[in-house]
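Here's a quick briefing for anyone opening this structure for the first time. Have a look at the picture, then read on for the main points.

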Amino acid sequence: MEIRFVNIGFGNVVAANRIVAIVSPESAPVKRTIQEARDRGRLIDATYGRRTRAVIIADSDHVILSAVQPETVIHRLAHRDGTATELNN
């Protein structure tokens with residue numbers, strides 16, 4: 001099995017096949033998820049002190065914070081796959 005990585009900003013990468021969800025950090029449930037991951041020691045902060053714009057949920061129960069927009073991460077994933085992705089708001 002080939003492991004593919006996606007750039008989540010500032011040279012940080014995540015294994016693409018381990019990503020379950022990429023969400024925006026504004027909602028209360030997502031903020032609660034971030035705090036719970038922090039309490040459990042499962043939070044990875046890849047923002048380099050910048051504002052969190054995307055929250056990546058991994059299948060290992062890790063929560064990864066990124067300073068890159070969710071749409072950007074999705075486009076990078078799609079570009080690596082060679083598949084087209086339709087984003088509707």
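Before the details, one term: residues are in contact when they have heavy atoms within 4.5 Å of each other. Keep in mind as well that this is a predicted model. With that settled, which residues does Ser-66 touch, leaving out those up to four places away in sequence? The list is Ile-8, Thr-47, Arg-51, Thr-52, Arg-53, Ala-54 and Ile-56.

**The sheet**

- Four strands make up an open sheet, and reading across it the order is β3-β5-β6-β4, with mixed pairing.
- The edges belong to β3 and β4 (43–46), each of which pairs on one side only.
- From one strand to the next, the twist averages 20°.
- As a bit of background, strands in a sheet pair through backbone hydrogen bonds, and they can do so in a parallel or an antiparallel way.
- Strand β3 (residues 19–23) pairs with β5 in the antiparallel sense, over four bridges.
- One of the residues to look for here is Ile-22, whose bridge partner in β5 is Ile-56.
- β5 and β6 are antiparallel too, and they pair over four bridges.
- Val-55 has Leu-65 in β6 as its bridge partner.
- The hairpin of β5 and β6 has four residues between the strands, and Asp-61 in that hairpin takes a positive phi near 75°.
- Helix α1 (residues 28–40) lies across β3, β4, β5 and β6, and its direction is at about 115° to β6.

**Ser-66 and Ala-54, face to face**

- Ser-66 sits in strand β6 (residues 63–66), while Ala-54 is part of strand β5.
- The two meet across the strands: Ala-54 stands opposite Ser-66.
- Is Ser-66 buried or exposed? Ser-66 counts as buried because its relative accessibility is 0%, and buried means under 20%.
- Ala-54 is buried as well, with a relative accessible area of 0%.
- The side chain of Ser-66 reaches the backbone oxygen of Ile-8 at 2.6 Å.
- Ala-54 has contacts of its own beyond four places in sequence, including Ile-22, Val-23, Pro-25, Ile-64, Leu-65 and Ser-66.
- Val-68 is also in contact with Ala-54; the pair are 14 residues apart in sequence, yet 6.2 Å apart in space, C-alpha to C-alpha.

**The nonpolar cores**

- How many residues does the largest nonpolar core have? There are 13, and those with the most contacts inside the core are Val-6, Ile-8, Val-14, Ile-19, Ile-22, Ile-56 and Leu-77.
- Two or more residues each come from β1 (5–9), β3, β5 and α2 (70–81).
- Another core lies apart from that one: six residues, among them Val-30, Ile-34, Val-63 and Leu-65.
- Ile-19 touches Val-6, Val-14, Ile-56, Ile-57 and Leu-77, again setting aside residues up to four places away in sequence.
- Strand β5 (residues 54–58) is mostly covered, with four of its five residues buried.

**Tying it together**

- Ile-56 is a good residue to find on screen: Ile-56 is the partner of Ile-22, touches Ser-66, and is listed with the most-connected residues of the largest core.
- Ile-8 links topics too, since Ile-8 offers its backbone oxygen to the side chain of Ser-66 and also appears on that core list.

Conventions. Residues numbered from 1 in each chain as written. Predicted model: local features only at pLDDT ≥ 70, side-chain atom pairs only at ≥ 80, totals over all residues. Heavy atoms only, no water. Buried < 20%, exposed > 50% of the residue type's maximum accessible area, 1.4 Å probe, protein only. Polar contact = N/O pair within 3.5 Å; in protein donor to acceptor, adjacent residues only side chain to side chain. Pairing = 2+ DSSP bridges. Core = buried A, V, L, I, M, F, W, Y, C linked by side-chain atoms within 4.5 Å. Axes fitted to C-alpha atoms, helices over the stretch in contact; angles between N-to-C directions.
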